[in-house]
Amino acid sequence: MSEPAGAKPTRFLRDYRAPAWRIDDVELVFDLDAAATIVQARLSLRQDDAAAPLELDAEALELLELRIDGRVLGADEFSLAADRLVVPGARGPLVLESRVRIAPERNTALQGLYLSGTREQGFLLTQCEAEGFRRITPFLDRSDVLARYRVTLRADRARYPVLLANGNADGAGELGDGRHWARFVDPHPKPSYLFALVAGRLESIERTFVTAEGRRVRLVIHAEADAIGRCGWAMQCLEQAMRWDEERFGRCYDLDAFHVVATHDFTMGAMENKGLNIFNAKYLLADPASATDDDHRHVLAVVGHEYFHNWSGNRVTCRDWFQLCLKEGLTVYREQEFESDLASRTLRRIEDVRLLWRAQFSEDAGPLAHPVRPDRYSEINNFYTATVYEKGAEIVRMLGVVLGRDGFRRGLDLYFARHDGHAATIEDFLAALGDANGVDLSPWLAWYEQAGTPELRASGRHDARRRCYELTLEQHTAPTPGQPHKRALPIPVAIALFDAAGRALPLRLDGEDADTAAHERVLLLDRDAATFRFADIDEEPTPSLLRGFSAPVRLVQDTPPPALAALARHDSDGFNRWFAGDALVRRLFAQALAGSEPDAALFAAWTACVGSALDDPGVDPALAAEMLTIADATSLADGLADIDPEAVHQARARIETGLAVALASKLVRRHAALGDLDDLAVDPATQARRRLRNACLAALCRADAAHAPLARAQYARARNLTDRLAALGALLGMRDTEADAALADFAERHAGDALVLDKWFSLQATEADPRACERVAALLVHPAFRWSNPNNVYALPGAFALRNPRAFHRVDGDGYRLVADAILRLDALTPQVAARLATAFGAWRRYEPLRRALMRRELERMLGRERLSPDLADILGRSLA
Ligand code: 0A1
Ligand code: ZN
């Protein structure tokens with residue numbers, strides 16, 4: 001397959017070669033200025049392959065001077081093309097010195113050194129993952145070149161009072177003429193993608209943390225003056241994350257200072273630069289007035305995630321970008337465990353599985369499907385995907401299930417000990433985990449190499465005469481691009497069997513010892529199909545399968561509805577209670593989509609389960625809220641062909657409204673009973689109750705317009721953002737006469753607060769109404785919307801394209817046109833963001849013929865545009881292939 005015009009050439013994992021040259025030490029001197037920054041680099045290079053010429057990555061750099069061992073090179077001694085600096089005659093070892101000029105304020109791609117905010121007020125910062133460092137200085141910009149860095153920053157003191165880079169501070173002083181300098185030394189060898197600097201007018205808050213090894217560490221969070229007051233929560237999260245990683249995984253911090261910086265201009269969530277994490281403000285700033293409960297938990301998770309990278313990513317890094325999941329899958333898993341230990345394990349698991357279904361299963365079902373470890377890529381920035389992150393974390397979770405908590409810890413200890421200070425591969429990871437436990441984990445490589453969501457079929461049969469229960473498990477994975485034939489994968493299936501009274505039965509497989517029987521166990525399906533026979537089972541049991549979602553598969557089970565309903569009421573695994581409810585919803589949805597009246601008994605069984613969760617004070621309110629919240633339209637459409645999003649919406653709405661109507665009186669009661677909450681508390685228990693109260697409110701407003709006064713009153717009284725936004729959403733959803741006034745009030749109240757206005761944009765962009773398209777078009781010219789700001793883009797056209805299937809897929813094609821126009825406009829500014837939006841068109845072949853044709857037309861229109869970025873060209877090319 002050849003690349004479309006504008007795309008970079010494809011790289012293949014099989015072509016990996018160790019670097020021919022290496023860099024041991026790096027000295028950098030920056031003369032910082034938004035319009036023109038001068039970067040001087042001094043690299044100590046070693047040559048490992050005598051035949052290989054010296055080739056450095058260099059992009060968007062104006063080269064001023066090049067020296068080798070002190071001698072200035074003439075123009076005929078090197079060549080500088082679009083992205084490469086070649087010095088054919090160079091022989092190592094040598095010292096290469098370069099001086100280049102770059103223009104941070106013109107860098108709208110937000111990779112390399114760029115300006116956050118305005119030229120007068122903003123600050124300078126870097127983003128180097130994956131390949132941004134080559135936009136700062138010529139370098140071997142690959143993750144298996146690990147070097148020690150010494151960095152000097154020089155800048156005007158008044159304009160750039162704060163100067164930061166990775167590592168420990170190593171002096172600072174005045175330069176005269178109003179300028180000053182600061183030096184940093186990072187003792188840990190690191191790849192260039194972890195380099196960072198920050199310079200500007202920033203305020204800070206500071207704490208001291210003493211590690212379990214006795215190191216005193218300065219923790220400093222930096223933000224612009226108007227935001228520093230919202231950093232306290234993040235600081236608490238950071239301290240918790242550091243302590244947790246010591247206790248759970250024995251990992252301590254390793255520098256004298258840990259800096260965290262917030263920016264409003266960032267293409268992703270945050271970045272784990274060594275000792276100098278940089279955060280999208282969205283994932284760092286939080287207080288009850290300007291952030292929701294979900295935001296508070298996201299800050300906890302992302303602060304944890306970036307901090308945990310210090311070991312899983314930084315101390316042990318990736319050999320090449322094909323191994324991206326090595327650091328991301330493991331770190332997402334660590335982040336999930338952190339939040340599960342600190343807040344609610346069940347809630348986090350439900351949220352992760354919802355995300356997996358919505359984002360990863362759908363990615364795996366279309367032309368952009370790729371293995372967790374891709375074997376090829378054209379633009380690596382396009383592989384920061386749900387597959388690499390979420391499915392990558394699922395694989396680590398499965399290994400955790402199979403090895404057990406202690407075994408997994410032993411394995412991880414060995415992995416960190418073996419590879420500390422080095423760049424590793426997935427094979428290294430599996431070998432360490434396996435060696436520490438005396439098992440061969442190589443069959444698990446298949447999970448990393450094979451794309452697609454496996455389907456797991458489960459069917460059970462009770463044999464009364466032989467007093468046994470036979471469970472047959474079968475797996476099948478459909479072909480994905482480039483992988484027509486799939487192998488069987490090792491699939492851990494956590495299981496319990498319940499008797500009619502809801503008691504878990506002892507699980508003894510035929511031939512096993514009687515006293516080994518546990519009440520929950522993990523079956524490993526490691527071939528196409530297998531039958532497991534449980535002994536001493538006197539009655540037809542209710543199987544609870546895939547407990548805690550023990551594998552990222554699509555479960556097809558023949559469990560009858562009454563058994564699912566029993567699980568939804570009594571399963572001792574909170575996740576599986578919700579999962580059983582979801583299975584009932586999907587059956588009802590299938591009936592509604594087929595145009596038939598949903599089965600009354602099934603419907604009654606489901607609403608009774610949700611109702612009992614609502615009534616039962618012993619049920620975690622967060623779980624009750626989740627049971628009230630049915631799967632989103634994208635996830636309900638999983639596995640369907642010829643999707644008609646309008647029909648999906650109608651079928652889903654019918655079930656959702658039906659539930660709310662059936663439970664109306666219970667909802668009113670529970671909503672009222674939950675009324676008495678501390679508005680400003682954000683502890684997990686209060687958050688859970690607030691979540692349930694707002695889920696009740698949303699359901700009531702769906703059931704009957706007569707409940708509008710509840711939402712209006714909550715809007716007027718709300719003292720925190722969670723409640724105010726929930727009320728606004730309810731009013732908007734029911735098209736209340738006061739919705740527009742409330743929208744206007746909200747915008748006025750939060751004017752000037754970019755993060756809150758982003759929520760206001762998103763709420764309108766995701767309203768499940770075809771007219772959202774016109775609303776989004778109008779909001780694109782709102783004064784608070786800037787095309788150059790990725791958060792604004794994700795909040796408005798992004799939310800519309802990726803989270804409003806009903807309006808995006810409007811049958812007149814206006815939704816598609818709007819988004820395609822937005823993508824083309826963005827491509828000239830921030831290609832990475834444009835490419836992300838374009839994934840909304842990826843699943844085009846799964847829609848009914850009319851929409852399929854309309855989507856294809858937009859894809860082709862975009863691809864026909866001249867001067868596409870490599871990022872966008874890659875997504876469009878793969879989508880149409
Ligand atoms: N490594 C970061 C995510 C990240 C990736 C790419 C970026 O720019 C192209 C920025 C951030 C993480 O996983 O947190
Ligand atoms: Zn990460």
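**Stop 1: helix α16**

Select residues 708–717, helix α16. Helices here are DSSP runs of H or I with at least four residues, strands are runs of E with at least two, and both are numbered from the N terminus. In α16, colour A711, Q714 and Y715: they are buried. Buried means that 20 or more other C-beta atoms lie within 10 Å of the residue's own; exposed means 12 or fewer, partly exposed is in between, and C-beta atoms are placed from the backbone. Look down the axis of α16: the buried residues fall within an arc of 100 degrees, so they line one face of the helix. That arc is taken over the directions from the helix axis to the C-beta atoms. An α-helix has 3.6 residues a turn, so residues three or four places apart point the same way. Now turn to the face away from the buried side. It carries the exposed residues P709, A713, A716 and R717.

Before moving on, note that this is a predicted model: local features need pLDDT of at least 70, side-chain atom pairs count only at pLDDT 80 or more, and totals for chains, interfaces and linings use all residues. Residues are numbered from 1 along each chain as its sequence is written, while chains are lettered from A and ligands numbered from 1 in the order in which they are written.

**Stop 2: strand β11 and its sheet**

Select residues 123–127, strand β11. Its cover is easy to state: 5 of its 5 residues are buried. F123, L125 and Q127 point one way, and L124 and T126 the other. In a regular strand the side chains alternate between the two faces of the sheet.

Add β10, residues 112–116. β10 and β11 pair in the antiparallel sense over 5 bridges; two strands count as paired if DSSP finds at least two bridges between them. L115 has L124 as its bridge partner in β11. The two strands form a hairpin with 6 residues between them. In the turn, G117 has a positive phi of about 85 degrees.

Next, show β16, residues 197–200. It runs antiparallel to β11, joined by 2 bridges. Pick L125 and V198 to see a bridge pair. Then add β13, which pairs antiparallel with β16 over 4 bridges. There, A165 has L197 as its partner.

Zoom out. The 4 strands make an open sheet in the order β10-β11-β16-β13, with antiparallel pairing. β10 and β13 (162–165) are the edge strands, each pairing on one side only. From one strand to the next, the twist averages 15 degrees; axes are lines fitted to C-alpha atoms, for helices over the stretch in contact, and angles run from 0 to 180 degrees between N-to-C directions.

**Stop 3: after β11**

Which residues are joined by a cis peptide bond with omega of about 0 degrees? Select E129 and A130. A130 lies in the loop between β11 and β12. T137 is in the loop between β11 and β12 (147–156) too. With 26 C-beta neighbours inside 10 Å, T137 counts as buried.

**Stop 4: ligand 1**

Select ligand 1 and its surroundings: 14 residues, the closest being Q127, E129, M268, M271 and Y384. A residue belongs here if its C-beta atom, placed from the backbone, lies within 6 Å of the molecule. β20 (270–271) and α2 (293–308) each supply at least two residues of this shell. Its make-up is 5 nonpolar, 5 polar and 4 charged. Nonpolar covers Ala, Val, Leu, Ile, Met, Phe, Trp, Tyr, Cys and Pro; charged covers Asp, Glu, Lys and Arg; the others, Gly among them, are polar.

**Stop 5: a second sheet and a cis proline**

Show β4, β8 and β7, an open antiparallel sheet of 3 strands in that order. The edges are β4 (54–57) and β7 (79–80), each pairing on one side only. Between β7 and β8 (84–87) there are 2 bridges; S79 stands opposite V86.

Then go to G92 and P93, joined by a cis peptide bond with omega of about -5 degrees. P93 is in the loop between β8 and β9 (94–102).

**Stop 6: two arginines**

Most residues other than glycine have a negative phi, and most peptide bonds are trans. R735 has a positive phi of about 50 degrees. It lies in the loop between α17 (721–733) and α18 (739–749). R735 is partly exposed, with 13 other C-beta atoms within 10 Å.

Finish at R867, where phi is near 55 degrees. Its loop runs between α25 (849–864) and α26 (870–880). Buried or exposed? R867 is exposed, with 9 other C-beta atoms within 10 Å.
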